[in-house]
Amino acid sequence: GKEKWPRGEEKVWKDCMRDVDTDVSSITKSFVNHVQTSLARQPYNLDNLGAYQAAALSVRDNLLVNWNETALQYTRKAPKRAYYLSLEFLMGRTLDNALLNLGLKDQYAEGVKKLGFTMEDVLDQERDAALGNGGLGRLAACYLDSSASQELPVWGYGLRYKYGIFQQLISPAGEQLEAPDPWLDNQNPWELPRLDVSYEVRFYGHAERMNDGTPRAMWTGGQEVLAVAYDVMIPGCYTKTTNNLRLWESKPKRGFDLNSFNAGNYEAAVEASNSAAAITSVLYPNDHTSFGKELRLKQQYFWTAASLADILRRFKNIGKSITEFPDYVAIQLNDTHPTLAIPELMRILIDEEDLDWATAWKIVTNTFFYTNHTVLPEALEKWPVPLLEHLLPRHLQIIYDINLLFLQSVEKKYPGDRDRLARMSLIEEGFPKQVRMAYLACIGSRKVNGVAELHSELVKTTILKDFVEFEGVSKFGNVTNGITPRRWLDQCNPELSALISRTLKVDKAVWLKELTLLEKLLPLTEDAAFRTEWAGIKQRNKERLAHHVQTTLGLTINTNAMFDVQIKRLHEYKRQTLNILGVIHRYLTLKNMSAEEKKKVNPRVVFFAGKAAPAYYIAKLTIRLIVNVARIINADPDTKDLLSLYFLPDYSVSLAEVLIPASDISQHISTAGTEASGTSNMKFCLNGGLLLGTVDGANIEIAEEVGESNVFFFGHLTPAVEDLRYQHTYHPVPIEEKCPALANVLNQVSGGLFGDAHVYEPLLNTIRQGDYYLLSDDFDSYIAALAMVDEAYLDQTEWVKKSIRTTAKMGKFSSDRAINEYAESYWNIEAQRVV
Ligand code: BZD
């Protein structure tokens with residue numbers, strides 16, 4: 001029989017259970033309690049870090065109350081749940097977000113003040129949880145916030161990396177240096193170690209088919225590693241719902257290998273434990289390239305195997321038949337990184353649950369959903385067959401079986417079409433053969449989606465064209481990305497948030513969850529007093545950024561200038577190079593102006609920030625060029641009042657929260673057809689910054705919403721790109737002829753105007769030869785677009801109107817809208833009210 005609960009006297013239990021603190025006195029009490037006990041510190045020598053830790057622990061207690069009730073509710077009601085599998089969750093800081101979502105910011109600020117601290121200083125002590133590279137990881141974080149806020153039963157699964165994305169340093173020569181990010185060193189109050197929740201994960205060994213008429217096999221031997229759970233609470237905005245993000249840490253199964261130890265081989269014994277711990281030690285810092293490293297494959301399998309085991313165990317507790325699995329579980333694959341979950345679920349269903357192939361495959365293909373985030377060929381994951389065979393022999397067998405049956409069905413529909421079979425095979429021929437993970441994710445999933453309209457069309461017409469033809473177009477959809485307005489408006493821009501609440505006479509608890517209400521701001525474009533307030537907030541956000549740069553880097557920034565911002569991972573397709581070459585062009589133009597002409601120029605400050613993958617040579621050269629151009633330009637008395645340039649090191653979520661609200665214009669200038677969506681474009685626009693961009697990704701949908709007259713578009717369109725590249729290859733025109741303005745800029749760099757003449761040649765040559773990302777094709781229209789921005793900025797009244805209109809029309813881009821689309825059209829899950 002089941003144990004009776006609670007044990008002992010129910011009333012004693014109930015009287016002692018705590019609820020969420022809401023008043024200042026219980027908040028200060030809990031704060032001081034944590035100082036005394038959890039931290040064992042004396043009140044008189046408590047520093048800001050200690051105050052942060054005490055505040056965090058006390059907020060965590062509140063979150064735990066809600067988190068427990070949410071878990072209990074889900075267990076009791078057993079609704080269908082969705083799981084978001086992502087190798088990256090770029091969470092940033094938690095304290096401020098948790099306070100805002102709990103609606104306790106004011107009370108904590110007051111309590112902390114009474115105890116002699118300021119909320120700002122306390123919040124500033126927190127380190128970012130930077131377990132992601134960029135957009136893909138931050139999207140996962142926004143989706144968790146929205147799931148909880150929409151009261152949806154969604155859990156995240158990821159890895160608890162010991163080191164997040166590297167810290168970026170800039171050397172005196174302008175080179176990017178990387179240092180580790182030991183983010184857990186100060187302890188992490190936001191996680192709950194669940195040493196009781198652990199699973200064994202096997203690697204290597206042998207797989208032997210049973211050959212007993214069933215598809216079963218035995219997988220034995222090899223290395224076994226433990227996956228231990230750490231839970232992170234994800235509070236919804238103004239709701240009790242507090243979901244869970246479960247991160248796995250790897251541990252050696254038995255600590256030391258006693259056999260080796262006793263044999264006197266101490267080193268080998270320790271090595272086994274080292275190699276287990278290595279699995280979750282570091283986040284791979286590469287976005288948009290797949291390197292085929294064994295440790296990366298180990299991470300992927302370790303995480304998918306532990307997550308699936310956990311999901312299965314939870315499902316089994318409901319007591320339903322395994323064939324009902326897809327009625328209770330939906331699993332979203334964030335890119336192809338978790339694709340091994342498909343053969344892993346097949347393995348469990350066949351080898352452990354003893355199902356036949358067809359039944360197992362039906363369960364699998366009704367459980368998974370796959371989101372694609374890129375069509376760049378170098379980013380598509382492929383794993384060498386020999387590596388898979390070595391590390392995961394049983395999974396390779398299953399992948400081959402899936403492929404065989406799949407190709408048989410293709411052959412049936414297109415008899416004799418051998419080219420098609422070769423194109424669609426999960427196995428790419430070559431030396432070595434490789435498994436095409438996007439194809440496996442596609443055929444193993446119920447639905448496939450891209451992340452913006454244009455991108456989803458490109459997925460259907462390029463990389464998955466044959467699959468659309470074969471499986472039918474209805475399997476392929478679009479869910480345009482979104483961003484959480486909690487972090488990306490209320491938290492990062494509190495003054496704007498307050499102005500909106502005041503003006504709309506709607507509590508932020510309402511409009512933050514129904515973002516299309518922002519449309520009600522539209523009439524206020526005609527209200528001069530409102531425009532003044534609006535512009536004043538932008539100005540103060542610019543000053544806040546300037547203050548931040550002053551205190552962290554010791555640089556003084558002209559806050560009367562237009563702030564022009566491009567912040568994102570460094571990549572050739574994102575064309576930071578186009579931007580810096582545009583800056584040089586502007587500089588050269590200014591140098592040739594008379595004093596009279598200069599008077600008509602409005603000053604501009606250009607900001608860059610972003611990391612380059614450590615092995616991405618060309619991207620690193622771009623950083624070096626930016627830093628060295630900044631050095632010359634910022635010191636030139638002829639121009640420095642009109643143009644200055646900053647590369648802010650170590651871009652992070654927290655830095656973005658200061659930069660984004662301060663921008664007048666931001667740049668999203670990828671070669672058409674290459675940026676799947678972009679999400680920072682949405683953040684800038686939500687904060688009333690205007691957009692300068694190409695007709696690419698979500699820029700297009702932003703323009704559809706805010707109106708083309710409120711964005712600055714330039715450059716060739718997607719359908720032209722292929723032809724232009726063909727021209728570059730077969731009918732190259734020298735750059736001097738094609739784009740003299742750009743040729744002049746390149747020559748100035750080559751000539752050593754920014755020092756290190758020879759250093760930049762490999763970067764410049766990517767443009768002179770081949771120019772795959774079409775800088776020479778778009779340069780003139782880029783410069784023209786920048787001129788239009790200048791002109792528009794001169795009319796401040798009209799500019800502020802554009803800014804208000806932009807914010808007002810951004811409702812579509814709330815991640816609440818996106819997550820509801822997934823919930824309704826993909827996962828088929830429903831909101832659960834936690835009371
Ligand atoms: O995903 C990005 C796309 O480039 C953006 O256009 C899009 O808005 C976001 C969210 O959908 N992709 C990434 O950020 N990709 C990675 O970071 C990544 C990481 C590891 C391996 C491959 C890619």
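An axis here is a line fitted to C-alpha atoms, for a helix over the stretch in contact, and the angle between two axes is taken between their N-to-C directions, from 0 to 180 degrees. Keep that in mind for the exercises below, which all use a predicted model.

**Exercise 1. Work out how helix α24 lies against helix α34, and which residues make the contact.**

Solution.
- Step 1: Start with the axes. Those of α24 (residues 576-591) and α34 (residues 775-794) come within 10 Å and cross at roughly 55 degrees.
- Step 2: Name the arrangement. Angles of 65 to 115 degrees count as roughly perpendicular and those under 35 as roughly parallel, so α24 is oblique to α34.
- Step 3: Add the hand. The crossing of α24 past α34 is right-handed.
- Step 4: Find the residues. From α24 come T577, L578, G582 and H585, and they meet L775, D778, F779, Y782, I783 and L786 of α34.
- Step 5: Sort them by class. This contact of α24 with α34 holds 6 nonpolar residues, 3 polar and 1 charged.

**Exercise 2. Describe the packing of helix α2 with helix α5 in the same steps.**

Solution.
- Step 1: The axes of α2 (residues 24-36) and α5 (residues 105-114) come within 9 Å, crossing at roughly 55 degrees.
- Step 2: The two helices, α2 and α5, are therefore oblique to each other.
- Step 3: α2 goes past α5 in a right-handed crossing.
- Step 4: On the α2 side the contact uses V24, I27, T28 and F31, while α5 supplies Q107, Y108, E110, G111 and K114.
- Step 5: Counted by class, the contact of α2 with α5 has 4 nonpolar, 3 polar and 2 charged residues.

**Exercise 3. Decide whether α7 and α36 are oblique or roughly perpendicular, then look just beyond α7 at E151.**

Solution.
- Step 1: Helix α7 (residues 135-149) packs on helix α36 (residues 815-827) at about 75 degrees, and their axes are 9 Å apart.
- Step 2: The range 65 to 115 degrees counts as roughly perpendicular, so that is how α7 lies to α36.
- Step 3: C142, Y143, D145, S146, S147 and S149 of α7 make the contact with S815, D816 and I819 of α36.
- Step 4: The contact of α7 with α36 has 3 nonpolar, 4 polar and 2 charged residues.
- Step 5: E151 sits in the loop between α7 and β4 (154-159). Its phi is positive, near 60 degrees, although E151 is not a glycine.
- Step 6: A residue is buried at 20 or more C-beta neighbours and exposed at 12 or fewer. E151 has 19 inside 10 Å, so E151 counts as partly exposed.

**Exercise 4. Is K683 buried or exposed, and what does K683 touch?**

Solution.
- Step 1: Locate K683 in helix α28 (residues 680-686).
- Step 2: Check the record. An unreviewed UniProt entry places the feature "modified residue: N6-(pyridoxal phosphate)lysine" at K683.
- Step 3: Count neighbours. K683 has 30 other C-beta atoms within 10 Å, so K683 is buried.
- Step 4: Leaving out residues up to four places away in sequence, K683 touches I483, W488 and I660.

**Exercise 5. Examine the backbone at R575 and at P432.**

Solution.
- Step 1: R575 lies in the loop between β19 (562-567) and α24.
- Step 2: Phi of R575 is near 60 degrees, a positive value in a residue other than glycine.
- Step 3: R575 has 27 C-beta neighbours inside 10 Å, so R575 counts as buried.
- Step 4: P432 belongs to the loop between β15 (427-428) and β16 (434-436). The peptide bond joining F431 and P432 is cis, with omega about 0 degrees.

Note on methods:
Residues are numbered from 1 along each chain as its sequence is written. This is a predicted model: local features need pLDDT of at least 70, side-chain atom pairs count only at pLDDT 80 or more; totals for chains, interfaces and linings use all residues. Helices (H or I, at least four residues) and strands (E, at least two) are DSSP runs, numbered from the N terminus. Angles under 35 degrees count as roughly parallel, over 145 as roughly antiparallel, 65 to 115 as roughly perpendicular and the rest as oblique. A crossing is left-handed if the near helix is turned anticlockwise from the far one by less than a right angle, and right-handed if clockwise. Two residues are in contact if their C-beta atoms, placed from the backbone, lie within 7 Å. Ala, Val, Leu, Ile, Met, Phe, Trp, Tyr, Cys and Pro count as nonpolar, Asp, Glu, Lys and Arg as charged, and the others, Gly among them, as polar. UniProt positions are given in the numbering used here, feature names are shortened, and annotations may be inferred rather than shown by experiment.
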